[in-house]
Amino acid sequence: MMGDARKAQDVFHATLREAAERAVNSEAPRDPFWLFRAARDRCLEASEQGLQAEDVDLEEQEVAPWAASQIERLDANQLAIWISGAPDPQRTALALFYLDEFSHHDLLALTELTPDELAKAISNGRQQFQGWLNTTVPHTEL
Amino acid sequence: MKLAQLSRRQRGLALCAPISEEKIDDRAMRGAISQAHKTDDFVHQQAFDHAVNALVRTIPIPPEIAEWFSTEHIILGPPRTWQRLARNPAMVAIAIALGVIAGIFVYQFVEHLHDFPGSGTARRLLKVASSTRSIILDPIKTDATALGDLFFMKHRLAHYDVPPEFADFHTLGARVFDDEEGLRVAQVWLAEKRMQFFLFPAERDAKTGKVLDFSGWRYVDHEGWTGVVQQRNGVCFLAALRGREKDLAPYIAKAKQ
């Protein structure tokens, strides 16, 4: 979500602090996804400060059969930076989806998107990432 | 085959198919994935997603954060409560089915609560009574008590006697016929309130052939007709009229006095 480990760590600690304070005041959230929602909100808030990603239309390309081998050539930071540059709610959808910790229903509840919106966000994200991959690590170079 | 050929709903689900199979928690998603597996682009999509997830898992997590997640499962679903269980469609369907089955059992139990040996035949004869026209009976104008001799002499039916409670009534007609189970039934038509008498063999034990006895008068009803039955000497006597139990009760009460 942040594309920056230090900022992500700050968000994590701030969210935990808030959870602890709520627990002390007997206001412990009943929502099992509260921690993720709160962290997501803080990430979005923090992202609004500092440098902003350029608002460009990314070229969408069909997911290629050789995409896996292109992705293997990447560094995790490159992926993190790419996802953190995506507009929300696509950024939230992609970040949570690729964590692979949530079911489809959980994702819908967390992102507060409709099934169609979630499908579109993830599908477009894949195709834009494939477009970016084709530019960054072209298949012909492998 | 292409993903685009799937239905809109299935395509939508397939596009967000969870990367791990254990995250598939509903039937619709399972069905969509099963269909999508037949397409090449879904196979490419899965390879893509697995590769991205593998890359995500290489992101180092600082130890001070990792220690917060001591267990593998970081998401705990809401606890299973009775309210959630009660709202489950499968549970609702099971509850309705059990309710219907219980209702049928209760209905059957109440229906047969006052059954006695021969009650089935008595109900069947109430149906006969409701559909009988007086012209199909042989005209016999006499006292009901005299019919016992007639049935014995003419039809060799022993003990087909009208009980003393109903012996004083005047008859208009009578006949003897075999009912659908082959029982010899005597039917008597009376002037009194268009009442009808039936005399028929009492029910017997299928193994021993012994008469299944019951004491006193028993009521039976069927589609607006009510009857009162007594068993004596292996023969059941049924007095039937159109009406309710209270219409027949005075005749029985009179006899008791």
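## Starting in a loop of chain B

Let's begin with B:Lys193, which sits in the loop between β3 (184-190) and β4 of chain B. This is a predicted model, so everything here is about a computed structure. The backbone angle phi of B:Lys193 is near 50°, a positive value in a residue other than glycine. Is B:Lys193 buried, exposed or partly exposed? B:Lys193 counts as partly exposed because it has 13 C-beta neighbours inside 10 Å, and a residue needs 20 or more to be called buried.

B:Arg194 lies in that loop between β3 and β4 too. B:Arg194 is not a glycine, yet its phi is positive, at about 50°. With 14 other C-beta atoms within 10 Å, B:Arg194 is partly exposed.

## Strands β4, β6 and β7 of chain B

Follow the chain out of that loop and you reach β4(B), which covers residues 196-201. Which way does β4(B) pair with β7(B), parallel or antiparallel? The pairing is antiparallel, and it runs over six bridges. One spot to look for is B:Gln196, which stands opposite B:Ala240 in β7(B).

Strand β7(B) has another partner, β6(B), which spans residues 225-232. These two strands also pair in the antiparallel sense, over eight bridges. Here you can find B:Gln230 standing opposite B:Phe237 of β7(B). β6(B) and β7(B) form a hairpin, with two residues between them. In the turn, B:Asn233 has a positive phi of about 55°.

How many of the eight residues of β7(B) are buried? The count is seven, so this strand, residues 235-242, is mostly covered according to the cut-off of 20 or more neighbouring C-beta atoms within 10 Å. As a bit of background, side chains in a regular strand alternate between the two faces of the sheet.

## The two chains overall

Now step back to the whole picture. Chain A has seven helices and zero strands, and its elements, read from the N terminus, go α-α-α-α-α-α-α. Chain B has nine helices and seven strands.

Burial can be given for each chain as well. In chain A, 31% of the 142 residues count as buried. In chain B, it is 25% of the 257 residues. You can also ask how far apart in the sequence the touching residues are. Take the contacts between residues at least 6 apart in sequence: in chain A, 72% of them join residues at least 24 apart. For chain B, the figure is 54%.

## Where chain A meets chain B

How many residues of chain A are in contact with chain B? There are 32, and they touch 30 residues of chain B. On the chain A side, the elements giving two or more residues are α1 (5-24), α3 (67-72), α4 (76-84), α5 (90-99), α6 (104-111) and α7 (115-136). Which of them gives the largest share? That is α7(A), with seven residues.

Sorted by class, this side of chain A has 21 nonpolar, five polar and six charged residues.

## Two helices that cross

Two packed helices are described by the angle between their axes and the distance between the axes. For α5(A) and α7(A), the angle is about 80° and the axes are 9 Å apart. That makes α5(A) roughly perpendicular to α7(A), because angles from 65 to 115 degrees fall in that class.

From α5(A), the contact uses A:Gln90, A:Ala93, A:Leu94 and A:Phe97. From α7(A), it uses A:Leu118, A:Ala121, A:Ile122, A:Asn124 and A:Gly125. By class, the residues of this contact are six nonpolar, three polar and no charged.

Just ahead of α5, look at A:Pro89 in the loop between α4 and α5 of chain A. The peptide bond from A:Asp88 to A:Pro89 is cis, with omega near 15°.

## The nonpolar cores

Some of those helix residues turn up again in the largest nonpolar core, which has 43 residues. Those with the most contacts inside the core are A:Ala93, A:Leu94, A:Phe97, A:Leu118, A:Ile122, B:Ala14 and B:Cys16. Which residues does A:Leu118 touch, leaving out those up to four places away in sequence? They are A:Ala93, A:Leu107, A:Leu108, A:Thr111, A:Leu113 and B:Cys16.

A second, separate core has 34 residues, including B:Tyr160, B:Met195, B:Phe237 and B:Ala239. You've met B:Phe237 already: it is the β7(B) residue opposite B:Gln230.

Methods: Residues numbered from 1 in each chain as written. Chains lettered and ligands numbered in written order. Predicted model: local features only at pLDDT ≥ 70, side-chain atom pairs only at ≥ 80, totals over all residues. Helix = DSSP H or I, 4+ residues; strand = E, 2+ residues; numbered from the N terminus. Buried ≥ 20, exposed ≤ 12 C-beta atoms within 10 Å, placed from the backbone. Contact = placed C-beta atoms within 7 Å. Nonpolar A, V, L, I, M, F, W, Y, C, P; charged D, E, K, R; others polar. Pairing = 2+ DSSP bridges. Core = buried A, V, L, I, M, F, W, Y, C linked by C-beta atoms within 7 Å. Axes fitted to C-alpha atoms, helices over the stretch in contact; angles between N-to-C directions. Parallel < 35°, antiparallel > 145°, perpendicular 65-115°, else oblique.
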